[in-house]
Amino acid sequence: MFQSRIAGIGYYVPKNIYTNDDLKRFMDTSDEWIQERTGIKERRYADRLTETTTSMGVEAATIAIQRAGITSKDVDFIIFATLSPDYYFPGCAVLLQRTMGMGEVGALDIRNQCSGFVYALSIADQFVKTGMYKNILVVGSEKQSFAMDHSTRGRAISVIFGDGAGAVIVQPTTEHGKGILSTHLHSDGAEAEKLAMYYPGASGGIGLANQPKWPDQELGGMFITPQMIADGTIFPVMDGQAVFKKAVVKFPEVILEALAKNNLNPTDIDLLVPHQANLRISQYVQKKLGLTDDKVFNNIQKYGNTTAASIPIALCEAWEAGKIKEGDLVCLAAFGAGFTWGSALIRW
Ligand code: ACO
């Protein structure tokens, strides 16, 4: 049995910076409200007409591949995590495969939102451990700005999210005790509708409180209607307080699970890189685990919540800043829509 390790890492954020004050051009909000509740000062938005979730993923992947000392032709499997895919189908993994001129390798899309990167990394880890693949490209990328309600109606959600991408190359290692020590994945669908984007979707709103009025026809036509665009039904929904309550329980729980599995304690963590959901959530988790400020990496202040991209962007920034050194114990932890959550413990 092999162990897997992160052999290369890269990230990309679009150049367009939108500060909290910039958002006041579109909605009734304030820098004070946003910073107080989320810690966010600014976020990046992809160029509307030239950048896509895939193209940002390609930028991040190019750096990760180069840092791993391989070429795109060496990649033998692609895992792409996103909630803002270029198309309803096919997924972004094949679009990236095409753009990067890779071989006819397997390409898998993951739909686990904020936990997407940890889920994707866990899948990569299993494939490497069994010897099936040797150079797996894992990408988390989001272009959320395209599908947000940037009017006052959508302000409680749209101010939180940003765009960007991160990527890693996962390879086998024979160095004992090095690399990904374990991954831990969980879900609880009981509150699936509390953080969601219902449409376009094939449910037709069955079981939801405000089922849209669909065209009166025998078949089809149940995807998006002009009425849904007008009343904002097509935008994401979030019960912020329900998310907060569950996240502050599940983040520490899944981190402690990973530590226990490896006979380690919170004090052994050199760097915790949590999904950048909300600075208040990260601070709560930090306090609960008794970690000092230098042991937790946060960059949500600059980028907002970039969902599946947030962990690889943060991990890469921390690594580039010299905050992760050889032999360090790095913990990744995520919580998001579904609800889903997970962790990964890595000996760098
Ligand atoms: N600017 C100004 N006012 C706003 C804004 C805004 N951007 N958004 C909402 N408000 C107003 C509301 O309209 C409301 O006004 P009212 O009292 O006159 O009705 C008031 O602020 C309070 O609104 P709430 O929704 O109750 O705000 P709350 O204090 O709960 O904060 C928040 C919302 C920040 C989302 C909070 O619930 C939270 O931190 N939740 C955690 C969820 C989270 O972080 N999700 C991140 C994404 S999910 C993930 O990654 C797992």
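Okay, let's start with one definition, so we're on the same page: I'm calling it a salt bridge when a side-chain nitrogen of Lys or Arg sits within 4 Å of a carboxyl oxygen of Asp or Glu. Also, please keep in mind that what you see above is a predicted model.

With that rule, take Glu191 and Lys194. Their closest N and O atoms are 3.4 Å apart, and the pair counts as a salt bridge. Both partners are partly exposed: Glu191 has a relative accessibility of 23%, and Lys194 comes out at 32%.

How many salt bridges does the rule give us? The count is 11. I'll walk you through a few of them.

Have a look at Glu320 and Arg67, whose side chains meet with an N to O distance of 3.0 Å. Glu320 belongs to helix H11, residues 310–320, while Arg67 belongs to helix H3, residues 53–67, so this salt bridge ties together parts that lie 253 residues apart in sequence. As for accessibility, Glu320 is partly exposed at 40%, and Arg67 is partly exposed too, at 33%.

Staying on helix H11, there's Glu317, which makes a salt bridge with Lys302 at 2.9 Å between the closest N and O atoms. Lys302 is in helix H10, residues 300–303, and Glu317 is in H11, so here the parts being tied together are 15 residues apart in sequence. Is Glu317 buried or exposed? Buried, because its relative accessibility is 11% and the cut-off for buried is under 20%. Its partner Lys302 is partly exposed, at 36%.

And then we have a network: Glu175, Lys178 and Glu326 are linked to one another through salt bridges.

A quick detour to an uncharged pair. Asn135 sits in the loop that runs between helix H5 (116–129) and strand S6 (136–142). With a relative accessibility of 12%, Asn135 counts as buried. Its side chain makes a polar contact with the side chain of Gln171, at 2.8 Å.

Right, on to the ligand. What surrounds it? The shell is made of 23 residues, and the closest are Thr29, Gly240, His275, Asn278 and Asn305. If you sort the shell by chemistry, you get 13 nonpolar residues, seven polar and three charged.

Where in the fold do the shell residues come from? Four elements supply at least two each: helix H2 (31–38), helix H6 (155–158), helix H8 (240–261) and strand S12 (329–336). H8 gives the largest share, with four residues. In terms of domains, at least three shell residues come from domain 1 (3–173), and at least three from domain 2, which is 179–191 plus 238–347.

Now zoom in on the oxygen atoms of the ligand. Arg37 puts a polar side-chain atom 3.0 Å from a ligand oxygen. For Arg155, the distance from a side-chain N or O atom to a ligand oxygen is 2.9 Å. His275, which I listed among the closest residues, also has a side-chain N or O atom 2.9 Å from an oxygen of the ligand. How much of the ligand does the protein bury? On its own the ligand exposes 1,000 Å², and 71% of that is buried by the protein.

So, two things to look at in the viewer: the Glu320–Arg67 salt bridge between H11 and H3, and the ligand shell with residues from domain 1 and domain 2. That's it from me.

Methods: Residues numbered from 1 in each chain as written. Predicted model: local features only at pLDDT ≥ 70, side-chain atom pairs only at ≥ 80, totals over all residues. Heavy atoms only, no water. Near = heavy atom within 4 Å. Polar contact = N/O pair within 3.5 Å; in protein donor to acceptor, adjacent residues only side chain to side chain. Areas by Shrake-Rupley, 256 points an atom, 1.4 Å probe, with all protein chains shown as cover. Nonpolar A, V, L, I, M, F, W, Y, C, P; charged D, E, K, R; others polar. Domains from an automatic or database assignment. Buried < 20%, exposed > 50% of the residue type's maximum accessible area, 1.4 Å probe, protein only.
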